[in-house]
Amino acid sequence: ESLIEISQTEMLIHNTKDDIKGLSEQIIVENCPLMQQVLKGRKYRCISLNASNIACDDVTGTGKGGVAYVALSEGESCYVHNLQTGKLENVFVGDEDGATATITSLFFYANRVYTGTMDSVLIGWDLSTSKKLFVAKGHESSVTCIHADNSKVISGSADKSIIVWNTDGKMLRRVLGHSRGIHCVQCGPRWCVSASYRTVFVWDILTEKEAETITGFNCRCRLVSEGNVTALQYGELEVITGDSLGAISVWWIESGELLKIFDAHNSPVA
């Protein structure tokens, strides 16, 4: 009986130590620069975790080999914070190159941060050197969404167009088809999805067989939602959308059929 009591007491001590450690970590986070800015009522327009972490099944990047940072924008400035400590690591601000307008879109991939502005400019930033990589001009209105991978950057705009850039900011192709401003865009090696108001386009990215040069975009299917599409996620066989009515919809790409709709929220899905 005494041995059982000793074992239970040791377990209680062990659990208490874990609780103390957890509380200590919470206190550190609450006192960090990021949390202090939130508590002061700072309003961030855009936020992006590092998309390259998805390949490691670690969205926050706090595991081994991940990128444990978050990028946020306020006005014309972009801030990069360490997710584990909350420490401010980088601040990217536009300058005389015409990149001084409010940031309207943001995407974080590997060691690069891409920002789109209200004055139609796309900017690439290097997290490791804290330097600006390029200022790309091609849109005629606000850059509203961005997606990128190792070989390309894709931006959508209120001018109804999608532009494909290389990672140095050179325009490769302009894609037309939407009748309204683009709200969301997502891409992969051979596909792209884009949304404007109630319409979603699923595109096949055409490339030369030997070289990886993009030769065109071919619309595979067009989906029409009841509400304005505010978020989307591509799967190999389906597209999932969130809309301004709070609904989440699952679409079958091959036929364009709406498979399922969930009345999930009371406000727009972000």
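**Cavity, strands and pockets**

The largest cavity in this predicted model has a volume of about 40 Å³. A search of the whole structure for cavities of 30 Å³ or more finds one. Ten residues is the extent of its lining, and those nearest the centre of the cavity are Glu76, Gly94, Ile103, Ile123 and Trp125. Two strands, β6 and β7 (121-126), each supply at least two residues of this lining. Sorted by class, the residues around the largest cavity are six nonpolar, three polar and one charged.

Ile103, named above among the residues nearest the centre of the cavity, leads to the next element, strand β5 (residues 103-109). Buried here stands for a relative accessible area under 20%. Seven of the seven residues of β5 are buried, so the strand is largely enclosed by the rest of the structure.

The pairing partner of β5 is strand β6 (residues 112-117); the two run antiparallel and are joined by six bridges. One of the residues involved is again Ile103, whose bridge partner in β6 is Thr117. Together β5 and β6 form a hairpin, with two residues between the strands. In the turn, Ala110 has a positive phi of about 55 degrees.

From the hairpin, β5 also leads to the largest pocket. This pocket holds about 1,300 Å³ of space. β5 is among the elements that give two or more residues to its lining, together with β1 (46-49), β9 (143-148), β13 (184-187), β17 (229-234) and β18 (238-243). The lining of the largest pocket consists of 43 residues. Which of them lie nearest the centre of the pocket? They are Phe107, Ile146, His147, Val185 and Leu232. Phe107 falls within the residue range of β5, a strand whose residues are buried. By class, the lining of the largest pocket divides into 27 nonpolar, 14 polar and two charged residues.

The second largest pocket has a volume of about 170 Å³. Its lining is made up of Ser151, Lys152, Asn166, Leu172, Pro189, Arg190, Ile205, Thr207, Glu212, Thr213 and Ile214. These residues divide into four nonpolar, four polar and three charged. Lys152, Arg190 and Glu212 are in this lining and belong to the charged class.

To retrace the path: Ile103 lies among the residues nearest the centre of the largest cavity and is bridged to Thr117 in β6. β5 pairs with β6 and also contributes to the lining of the largest pocket.

Methods
Residues are numbered from 1 along each chain as its sequence is written. This is a predicted model: local features need pLDDT of at least 70, side-chain atom pairs count only at pLDDT 80 or more; totals for chains, interfaces and linings use all residues. Side-chain values use heavy atoms; hydrogens and water are left out. Buried means under 20% relative accessible area, exposed over 50%, partly exposed in between (1.4 Å probe, protein chains only). Helices (H or I, at least four residues) and strands (E, at least two) are DSSP runs, numbered from the N terminus. Two strands pair if DSSP finds at least two bridges between them. On a 1 Å grid over the protein atoms alone, a cavity is a set of points where a 1.4 Å probe fits but cannot get out, and a pocket is an open set with protein on both sides within 12 Å along at least five of seven lines; lining residues have an atom within 4 Å of a point. Grid points are joined across faces, edges and corners, and a volume is the space filled by probe spheres set on the points.
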